[in-house]
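Let's take a walk through this model together, strand by strand and then charge by charge. Keep the viewer open as you read.

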Amino acid sequence: MKAEYWIDIIFGVLLLPGMMFLFPLGEWAQWHPGYVLTYIVWLYLVYFLCRKALGPQLLQGRRGRITVLGVLFIIGAITFLMSLTEVQIPETVEPGHGMAPHVRAMWVLLLAVVSVGLPVGLFSQKVALLSAYKEEEETLSAASAALELRRNEAMAADLDIQLKSGYKTVNVPLSAVQYLESRNNYVCVHLDHLDDVVSQITLKNVLEMLPPGQFVRIHRSYVVPLWRIQRQSATEVKLMGIEEPLPVGRAYKDQLKNNG
């Protein structure tokens, strides 16, 4: 179980009830049990609000802190109004054991709830963010390792093609190809760690130069290496090492599915 959940249990089950018994709330409960029960429920609601909403909000910068202060002001105002509620104290009660001690207890308990709820909520949010960051880092690391493995497999074939770019012929290593993009009468070959190669040729002609079973056309404007596909759907393909997904054309869905 996570540390913050243990704090919730210890505070909510042991510490807060124990603090209540330090004050003469037992006497007050005998006089007005409904009022005491309402305030106890209010304390737990405030703790839950601080723990789940206000604490994490503190990480949202200045605006988040202003929001927290505003909500705490409202909580204090509601508690103040509750303390003004007329409570009939029996005439037999000795002086000094009436309403005043209980009002002080209300504020002390509220302060304790806020003082614990806010830090625990803040700590929980930081842990969640760190866990998410670590998970994302591990995912990226795994994707990078998979990409490197597939690239090495492609490099093992030691294949490249030659394309005319401008006035010169360029060797294009297939293991470095991210994807091929058609631009009217030109094809742009996007490469890892190399400048893009633009050649006046059709995408269909380039496909004929590529080794079978290693590349697939997913759109009238795009051809991608099969080994680089990270995930695919009926409408788009996500390539490893490429931030934005590429669209899948309707005419190429079956072709992608059969090659995938």
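What follows is a tour of paired strands and then of salt bridges in this predicted model.

A good place to begin is strand 3, which spans residues 177-183. Strand 3 runs antiparallel to strand 4, and 6 bridges join the two. If you trace the chain from one to the other, you pass through a hairpin with 2 residues between the strands. One residue in that turn, Asn184, has a positive phi of about 55°. To line up the register, look at Leu180: its bridge partner in strand 4 is Val189.

Leu180 also has a partner in another strand, standing opposite Val223 in strand 7. The pairing of strand 3 with strand 7 is again antiparallel, here over 2 bridges. So that you can follow the other neighbours, let us take strand 4 and strand 7 in turn.

Strand 4 covers residues 186-191, and 5 of its 6 residues are buried, leaving the strand mostly covered. Besides pairing with strand 3, strand 4 is joined by 3 bridges to strand 5 (residues 197-199), and those two run antiparallel as well. Val187 stands opposite Ser199 in strand 5, which gives you a handle on the register. The link between strand 4 and strand 5 is a hairpin with 5 residues between them, and His193 in this turn has a positive phi of about 60°.

Now move to strand 7, residues 222-225. How do its side chains divide between the two directions? Tyr222 and Val224 point one way, Val223 and Pro225 point the other way, and all of them are buried. Apart from its pairing with strand 3, strand 7 is joined by 4 bridges to strand 6 (residues 215-219), with the two strands antiparallel. Val216 stands opposite Val224 across this pairing, and a hairpin of 2 residues carries the chain from strand 6 to strand 7.

With the strands in place, we can turn to the charged side chains. How many salt bridges does the structure hold? There are 3.

Arg51 and Asp8 meet through their side chains in one salt bridge, at 2.9 Å from N to O. Arg51 belongs to helix 3 (residues 33-57) and Asp8 to helix 1 (residues 3-22), so this contact ties together parts that are 43 residues apart in sequence. Is Arg51 buried or exposed? With a relative accessibility of 3%, Arg51 counts as buried.

Another salt bridge brings us back to the numbering range of strand 3, residues 177-183. There the side chains of Arg183 and Glu181 meet at 3.4 Å, N to O. Arg183 is partly exposed, its relative accessible area being 39%, whereas Glu181 counts as buried at 16% relative accessibility.

Arg228 and Asp192 make a salt bridge too, with their closest N and O atoms 2.4 Å apart. This pair links distant parts of the chain, 36 residues apart: Arg228 sits in the loop between strand 7 and strand 8 (229-232), and Asp192 in the loop between strand 4 and strand 5. Arg228 has 0% relative accessibility and counts as buried. Asp192, at 11% relative accessibility, counts as buried too.

Methods. Residues numbered from 1 in each chain as written. Predicted model: local features only at pLDDT ≥ 70, side-chain atom pairs only at ≥ 80, totals over all residues. Heavy atoms only, no water. Buried < 20%, exposed > 50% of the residue type's maximum accessible area, 1.4 Å probe, protein only. Pairing = 2+ DSSP bridges. Salt bridge = Lys/Arg side-chain N within 4 Å of Asp/Glu carboxyl O.
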